Amino acid sequence: MAIGLLFQQLYNTVDTVVVGQFVGQQAQAAVGSTGPIINTIVGFCAGLATGASVVISQRYGAHDRDGLGKAVHTTIAVTVVMSLIATLIGQLIIDPMLRFMQTPDDVMAESHTYLSIYFAGIAGILFYNMGSGILRAVGDSRRPLIFLVISALLNTVLDLAFVLGLGMGVDGVAYATILAQIISALLILITLSREEGGYGIRWRQLRIDKASLTSILKIGLPSSIQSAITSFSNVFVQSYINYFGSACMAGYGIYNKVDAFALIPVQSISMSSTTFVGQNWGAKQPKRAREGVRTATVMSLIATVTLGVLVFVLARPLLGFFSPEEEVVAFGERFIRIVTPFYVTICFNQIYAGALRGVGDATMPTVIMLASFVVFRQIYLAVTKALGLGFVAVALAYPMGWIMCSTLLVIRYFGSVLVKGDKEISTEQA
């Protein structure tokens, strides 16, 4: 799964490198600053994918073949509906969101172009995420990885062909991204259609099962709302960054790419622990689930600290790979110096939130994350702006939210039904 996330990051990373090296600072700022807008919609849909994955993993662990089939077909049917809605909403929000972020005039046109093309093909990433979630829920992470590697490599080739060969600029990287995502979605759907197990797709049976949908929404909707609101709150953060100009926007964009790679281990371990806990919870093995959470926490701490140190030490050469412009690299380096020492706090909120969702407790992690990443962070930014504290204070907005979130989730996890003991767990289930 970590390798899968690595190649998933290559989509926008390759876009950022190509526009930074061959198009220019404004184009790089345009591509890099659109993330919060895209993630607001994709994040909402990804939350439902998480809910579907938990429901499917629990039914798979309980050997409920009929329930498993209904959950899979409901998941795909819901994805069809979401794709249509996301495409429409995406096109409608582009101009209002760019204005809301106070996007500079020299970046506005290319940001609009990139988003228009991306949202036109957003169905590709939604179907890939849902389909790969189904396969991973039953323990198959190999095939989603293979398809992701194929599409990431295709994206790289198309980026270079469209930008260097055809001189298409931002249009080229956007078209390359959605074409590659569509290919990955088709590969996933073809695989599921040929699967003979209880999780295979039978297109004539495609319908929404009310009970399955209710279970998916119960777990996934809180996560969807959390992801969407958190991403939307990042639009506010981006507006503060945009205030410092296109060089800062580009620097922040390339810092985010380095940051995303450094956090791949903790994210993949968190996703794995959610499935692991869900399967063992469904199989009535809570002790094994707790052991998995402890192991996941230790693994994520070791990996995150190691990568955090490497990023801190190698900041300048890593950023230089994305852009040849000194001012852009300097801004990116400042972000790294300020933020990376706080990476360790992310391990606790990611692992414990994933574990809680694995046993069906999705509401409280969502409330905690919204309180930390949205409410607290926006209050923090408003106060720093009112006090005129400047760049460093803005850069610390993320670490301050991480610290608050991790503290609250640690308290919640150790008071949860998973940690109370087998006797209390049996009572709860009864």
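**Exercise 1. Find out what comes after helix 7, then check the helix itself.**

Which residue follows helix 7, and what is its phi?

Solution. Start just past the helix end: Gly167 follows helix 7, and its phi is positive, near 65 degrees. Keep in mind that you are looking at a predicted model.

Now go back into the helix. Helix 7 covers residues 142-165, which makes 24 residues. The expected span is 1.5 Å times one less than the number of residues. That rule gives 34 Å for helix 7, and its end C-alpha atoms are 34 Å apart, so the two values agree.

Last step: look for the buried positions. Among the buried residues of helix 7 are Pro144, Leu145, Phe147, Leu148 and Ser151. Further along, the list also includes Asn155, Asp159, Phe162 and Val163.

**Exercise 2. Do the same for helix 12, and look at its nonpolar side chains.**

How many residues does helix 12 have, and how far does it reach?

Solution. Count first: helix 12 has 28 residues. From first C-alpha to last it reaches 41 Å, close to the 40 Å expected at 1.5 Å a residue.

Next, pick out what is tucked away. Pro286, Ala289, Arg290 and Gly292 are among the buried residues of helix 12, and so are Thr304, Gly308 and Val311.

Then turn to the surface. A nonpolar patch is formed there by Val305, Val309, Leu310, Phe312, Val313, Leu314, Leu318 and Val344, with about 630 Å² of accessible area together. Helix 12 supplies the largest share of this patch, 5 residues.

Finish with one member. Val305 lies in helix 12. With a relative accessible area of 43%, Val305 is partly exposed, because that label covers values between 20% and 50%.

**Exercise 3. Trace the salt bridges around Glu333.**

Which residues are linked with Glu333 in a network of salt bridges?

Solution. Here's the idea to hold on to: side chains of opposite charge can pair when their charged atoms come close. The cut-off is a nitrogen of Lys or Arg within 4 Å of a carboxyl oxygen of Asp or Glu.

Step one: Arg316 pairs with Glu333, with the closest N and O atoms 2.6 Å apart. Arg316 sits in helix 13 (residues 315-320) and Glu333 in helix 14 (residues 326-339), so this pair ties together parts that are 17 residues apart in sequence.

Step two: Arg337 also forms a salt bridge with Glu333, at 3.0 Å between the closest N and O atoms. Arg337 and Glu333 are 4 residues apart in helix 14, so about one helical turn separates them.

Step three: check the exposure of each partner. Glu333 counts as buried at 16%, while Arg316 is partly exposed at 33% and Arg337 is partly exposed at 31%.

Put it together: Arg316, Glu326, Glu333 and Arg337 are linked in a network of salt bridges. The model's count comes to 6 salt bridges. Another one joins Arg143 to Asp140, where the closest N and O atoms are 2.7 Å apart. Asp140 is buried, with a relative accessible area of 13%.

**Exercise 4. Explain the disulfide count.**

Why is there no bond between the sulfurs of Cys347 and Cys405?

Solution. A disulfide needs two cysteine sulfur atoms within 2.5 Å. For Cys347, the closest cysteine sulfur is in Cys405, 13 Å away, which is too far for a bond. Across the model, the count comes to 0 disulfides. As for exposure, Cys347 is buried at 0% relative accessibility, and Cys248 is buried at 0% too.

**Exercise 5. Place three residues.**

Is Ser416 buried or exposed?

Solution. Locate Ser416 first: its place is in the loop between helix 18 (397-414) and helix 19 (417-420). With a relative accessible area of 6%, Ser416 is buried. Its side chain reaches the backbone oxygen of Tyr413 at 2.7 Å.

Move to Ser224, found in helix 9 (residues 210-242). Ser224 is buried, at 0%. Ser224 and Ile38 are 186 residues apart along the chain, and their C-alpha atoms are separated by 14 Å.

End with Thr113, which is found in helix 5 (residues 105-120). Thr113 is partly exposed, at 25%. From Thr113 to Ala30, count 83 residues in sequence and 9.2 Å in space, C-alpha to C-alpha.

How values were computed. Residues numbered from 1 in each chain as written. Predicted model: local features only at pLDDT ≥ 70, side-chain atom pairs only at ≥ 80, totals over all residues. Heavy atoms only, no water. Patch = residues over 30% accessible without salt bridge, like charges linked within 9 Å, V, L, I, M, F, W, Y side chains within 5 Å. Areas by Shrake-Rupley, 256 points an atom, 1.4 Å probe, with all protein chains shown as cover. Salt bridge = Lys/Arg side-chain N within 4 Å of Asp/Glu carboxyl O. Helix = DSSP H or I, 4+ residues; strand = E, 2+ residues; numbered from the N terminus. Buried < 20%, exposed > 50% of the residue type's maximum accessible area, 1.4 Å probe, protein only. Polar contact = N/O pair within 3.5 Å; in protein donor to acceptor, adjacent residues only side chain to side chain.
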